[in-house]
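Colleague: Could you take one part of this model and walk me through it closely? I'd like to know what it packs against and how its charged side chains are placed.

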Amino acid sequence: MSQVEIRLPKMGESVTEATITNWLKNVGDTVAMDEPLVEVATDKVDNELPSEATGTLVKILFKVDEVAQVGDVIAIISTDGSAAVETSVIEETPVAVATIEKTVNDATTSVINNHIEIGKDSPSGRFYSPLVRSIASKEGISMGELEAIKGSGQNDRVTKKDIFDYIENRGGQTTVAVEKPATPQVTISNNTPVVKEITQSVSIPLMEGDEIIEMDRMRKMIAEHMVRSKHTSPHVTSFVEADVTTIWNWRNKIKKEFEAREGENFTFTPIFIDAVTKAIKDFPGVNVSIDGDKIIQRKHINIGMAAALPSGNLIVPVIKDADQLNLLGLAKKVNELANKARNNKLSSDEISGGTYTLTNVGTFGNVMGTPIINQPQVAILATGSIRKVPAVIETPEGDFIGIRYKMFLSHSYDHRVVDGALGGQFVTRVAKYLEAFDPSTKI
């Protein structure tokens, strides 16, 4: 009997897990090589995973809404047709781990750090997904309460919607339970102080007319990513104002010709990215990542460009080796990735591997911002709106007041590895490159 294990592939540098959202094949179905097998969702993008073999799908190891880690076996395909199919999800756990897990689950529920831990096995034998058990644990819902919830899923399973509906109406109270950090607990291990955050459940009272809106999956993951970044990196932000009058006038001169020739718009973003890549070459210390007490110096300059989605969520497509592209190449790539982002067509490769991120808060009319670092990077630059302002202009004949186009650059960086001198000099250098833009540039 020949079998092929289908594993969850690596889908980005910082992606460690994915949620199974839809199986495109059922157990017993014939699957062709490279045929779409399953749909998965990460905190960055939704993907179809192709089959890695031709044969029969004989095992599905993760159900819809369950979370798999990168490298986990999620399905098994028989390539010779001799294996009997199994109609239930099978968890292949090493004997030692299975024994420990059974011991824990025999207790069904236990209270740890003010949470109720819900075991896989219920008195009635009803299955509860990891997501439902996690929600129940955080909200302090006991196994007895879970058993009493009427499930709308297959075989009376409790779905995420069922448990959220129960929480909303729980005990007739008009409150919503949330997690809030409490006083940190300090423990000592090997003479090194370690701070552990304890969470406790508190209630936020609802007022008349309030509406409860559940976060979608992407918003939850963005929230987790942002909180993790602030917990990981001590953020510092430096600000510089740049005179971009030359760039403003040059773009106005070439944009109609460019659109007529290329069939697309020429935005300011390619110019900003070009200046950032030049500054990174001057200050490679911002193009790094931290692994414990080691600094990883990146060879490639891969610029992430934060893009707002129609849903209001955020995604960061990446321009690989941006320093190897001229302005035309950058403009083409920026437009291509922006269009794919708007239409949810980005691939995993197009949102992974970034080494530095640019976000344009000026798009929304903001003068400046304090962006949060996109882990595992150590710095991010925000470009503000371009404003027409009065400014002092120096000439050999004397100074005078004139009208100039200016913008603020906000550079947030990880103070563990980027000090104020480096962080400040970098953003100043970006401004210098913008101000020194050659108005005779051809594109």
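Modeller: I'll take helix H8, then follow its surroundings outwards.

Some ground rules before that. The model is predicted, so local features need pLDDT of at least 70 and side-chain atom pairs count only at pLDDT 80 or more, while totals for chains, interfaces and linings use all residues. Residues are numbered from 1 along each chain as its sequence is written, and side-chain values use heavy atoms, with hydrogens and water left out.

The protein has 9 helices and 25 strands; these are DSSP runs numbered from the N terminus, with helices (H or I) of at least four residues and strands (E) of at least two. H8 itself has 16 residues and reaches 22 Å from its first C-alpha to its last, close to the 22 Å expected at 1.5 Å a residue (the expected span is 1.5 Å times one less than the number of residues). At its start, a side-chain oxygen of Asn-326 comes to within 3.2 Å of the backbone nitrogen of Leu-328. After the helix comes Asn-344, with a positive phi near 55°.

Now for what H8 hides. Leu-327, Leu-330, Ala-331, Val-334, Asn-335, Leu-337, Ala-338 and Ala-341 are buried, where buried means under 20% relative accessible area, exposed over 50% and partly exposed in between, using a 1.4 Å probe and protein chains only. Their cover includes helix H6 (245-262), H7, strand E18 (303-305), strand E19 (307-308), strand E20 (314-315) and E21. For the protein as a whole, buried residues make up 39% of the 443.

H8 also carries charged side chains. Lys-333 and Glu-336 form a salt bridge, with the closest N and O atoms 3.6 Å apart; the term needs a side-chain nitrogen of Lys or Arg within 4 Å of a carboxyl oxygen of Asp or Glu. They sit 3 residues apart in H8, so about one helical turn separates them. Lys-333 is partly exposed at 27% relative accessible area, and Glu-336 is partly exposed too, at 33%. Another lysine, Lys-332, is linked with Arg-261, Glu-262 and Glu-264 in a network of salt bridges.

On to H7, one of the elements that cover H8. Its end C-alpha atoms are 20 Å apart, which agrees with the 20 Å its 14 residues should span at 1.5 Å a residue. H7 is mostly covered, with 11 of its 14 residues buried, among them Phe-272, Val-276, Ala-279 and Ile-280. Its Lys-281 meets Asp-323 in a salt bridge (3.7 Å, N to O). That pair links distant parts of the chain, 42 residues apart: Lys-281 lies in H7 (residues 269-282) and Asp-323 in the loop between strand E21 (318-319) and helix H8 (327-342).

H7 residues also turn up around Phe-426. Leaving aside neighbours within four places in sequence, Phe-426 is in contact (heavy atoms within 4.5 Å) with Val-276, Ala-279, Ile-280, Phe-283, Val-286, Tyr-356 and His-411. Within the largest nonpolar core, which has 56 residues, Phe-426 is one of those touching the most other members, along with Ile-303, Tyr-356, Leu-409, Val-430 and Leu-434. Such a core is a set of buried Ala, Val, Leu, Ile, Met, Phe, Trp, Tyr and Cys residues joined through side-chain atoms within 4.5 Å. A second, separate core has 23 residues, including Leu-37, Leu-49, Leu-57 and Leu-61.

Going further out, there are 17 salt bridges in the structure. One of them joins Asp-243 to Arg-404, with the closest N and O atoms 2.9 Å apart. Here too the partners come from distant parts of the chain: Asp-243 is in strand E15 (residues 235-243) and Arg-404 in strand E25 (residues 398-414), 161 residues apart. Asp-243 is buried at 17% relative accessible area, whereas Arg-404 is partly exposed at 25%.

Last, Ser-289, which is found in strand E16 (residues 288-291) and is buried at 5% relative accessibility. Its side chain makes a polar contact with the side chain of Arg-298 (3.1 Å); that means a pair of N or O atoms within 3.5 Å where, within protein, one must be able to donate a hydrogen and the other to accept it, and residues adjacent in sequence count only if both atoms are side-chain atoms. Not counting residues up to four places away in sequence, Ser-289 also touches Pro-376, Gln-377 and Val-378, among others.
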